[in-house]
Amino acid sequence: MTSASISDALRYRPGTDLADIDTAGTPGFAGGKKDAAKALPQLGPVVADLQEKLFAAGYTGGEKRLLLVLQGMDTSGKGGILRHAVGLLDPGGMRLKSFKKPTEEELAHDFLWRVEREVPDAGEIGIFDRSHYEDVLVVKVHELVDAAEVERRYDAINDFERRLAADGTVLVKCMLHISKDVQKERLLARLDDPTKQWKFKPGDIDERGYWDAYQAAYQVALERCSTDAAAWYVVPSDRKWYRNWAIGELLREALSGMGLDWPEPDYDLAAQRARLDDET
């Protein structure tokens with residue numbers, strides 16, 4: 001159902017106005033909701049095989065790893081992605097971190113301190129549910145630090161991500177792009193559903209008052225931090241079925257591009273077999 005490489009279709013290209021990217025679009029996918037419902041599970045065996053090869057490479061001394069970064073406005077679907085797309089992965093080879101409001105200890109350090117502690121080890125797939133970009137989004141919108149500090153952070157992020165890439169990390173940074181109207185629908189749906197009301201906070205409505213400021217902050221973050229080492233992908237997220245499939249396909253593409261294979265043994269197979277055969 002793919003009409004082109006999903007990474008090519010979704011990669012943010014500096015100079016593109018975020019407002020011109022259709023939040024209900026389905027780039028790279030030629031089908032509809034039913035097609036996506038079939039296509040996503042079919043990615044499972046492929047992704048599982050690649051993940052196991054990645055784990056095997058790390059287990060035997062390789063340095064490769066993958067980091068999926070999920071950023072988006074409230075209700076953009078980070079939880080749905082974790083259930084459906086990330087759910088294709090084996091939890092045993094995965095490291096999930098959800099970044100919330102910084103603690104006092106974290107605030108006593110540089111903003112990247114808590115993030116660097118959570119990067120995946122060799123052979124792992126890491127998932128950041130929100131990330132270091134909170135510190136140039138929320139912080140910028142609410143003016144929690146001065147403009148000069150925000151500027152410093154863009155450069156610090158680029159340097160951090162270059163170092164990750166140099167150490168063998170493939171970064172897949174996804175901005176989950178939804179419309180203000182769809183966010184309203186999803187918030188109302190939470191209020192209407194007793195099983196989802198716990199997700200709602202009155203502050204969610206307050207944050208909607210900053211919608212334009214957040215879009216502007218995302219625009220700058222995309223412009224400043226979409227690099228060859230760590231590209232941004234803008235994932236239209238008004239359609240949940242497309243969003244989930246797109247993230248699953250981005251994971252498959254990223255893993256496929258890592259040149260993974262089963263590691264060659266560093267021991268003599270015949271000799272080890274002979275040892276076992278000689279056991280009494």
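Which side chain meets Asp135 in a salt bridge? In this predicted model, the partner is Arg153, whose side chain meets that of Asp135 with an N to O distance of 3.6 Å.

**View 1. The salt bridge between Arg153 and Asp135 links distant parts of the chain.** Arg153 lies in helix 7 (residues 147-166), whereas Asp135 belongs to the loop between strand 3 (125-129) and helix 6 (138-141), and the two residues are 18 residues apart. Arg153 counts as buried because its relative accessibility is 9%, under the 20% cut-off, and Asp135 is likewise buried, with a relative accessible area of 8%. The pair also belongs to a network in which salt bridges that share partners join Asp110, Asp135, Glu149, Arg152 and Arg153.

**View 2. Glu134 and Arg130 are joined by a salt bridge between their side chains.** The N to O distance of this pair is 3.6 Å. Glu134 is buried, its relative accessible area being 14%. Side chains of opposite charge can pair when their charged atoms come close. The structure as a whole holds 17 salt bridges.

**View 3. A salt bridge between Asp228 and Arg11 links distant parts of the chain.** The two side chains meet at 3.6 Å, N to O, although the residues stand 217 residues apart along the chain. Asp228 is placed in the loop between helix 10 (211-225) and strand 5 (232-236), while Arg11 is placed in the loop between helix 1 (6-10) and helix 2. With a relative accessibility of 77%, Asp228 counts as exposed, whereas Arg11, at a relative accessible area of 31%, is partly exposed.

**View 4. Helix 2 and helix 11 pack with a left-handed crossing.** Two packed helices are described by the angle between their axes and the distance between the axes. Here the axes of helix 2 (residues 33-59) and helix 11 (residues 240-256) come within 9 Å and cross at roughly 25 degrees. Because angles under 35 degrees count as roughly parallel, helix 2 is roughly parallel to helix 11. On the side of helix 2, the contact is made by Lys33, Ala36, Ala39, Leu40, Leu43, Val46, Val47, Leu50 and Leu54; helix 11 contributes Trp241, Asn244, Trp245, Gly248, Glu249, Arg252, Leu255 and Ser256. Sorted by class, the contact of helix 2 with helix 11 has 11 nonpolar, 3 polar and 3 charged residues.

Note on methods:
Residues are numbered from 1 along each chain as its sequence is written. This is a predicted model: local features need pLDDT of at least 70, side-chain atom pairs count only at pLDDT 80 or more; totals for chains, interfaces and linings use all residues. Side-chain values use heavy atoms; hydrogens and water are left out. Axes are lines fitted to C-alpha atoms, for helices over the stretch in contact, and angles run from 0 to 180 degrees between N-to-C directions. Helices (H or I, at least four residues) and strands (E, at least two) are DSSP runs, numbered from the N terminus. Angles under 35 degrees count as roughly parallel, over 145 as roughly antiparallel, 65 to 115 as roughly perpendicular and the rest as oblique. A crossing is left-handed if the near helix is turned anticlockwise from the far one by less than a right angle, and right-handed if clockwise. Contact means heavy atoms within 4.5 Å. Ala, Val, Leu, Ile, Met, Phe, Trp, Tyr, Cys and Pro count as nonpolar, Asp, Glu, Lys and Arg as charged, and the others, Gly among them, as polar. A salt bridge is a side-chain nitrogen of Lys or Arg within 4 Å of a carboxyl oxygen of Asp or Glu. Buried means under 20% relative accessible area, exposed over 50%, partly exposed in between (1.4 Å probe, protein chains only).
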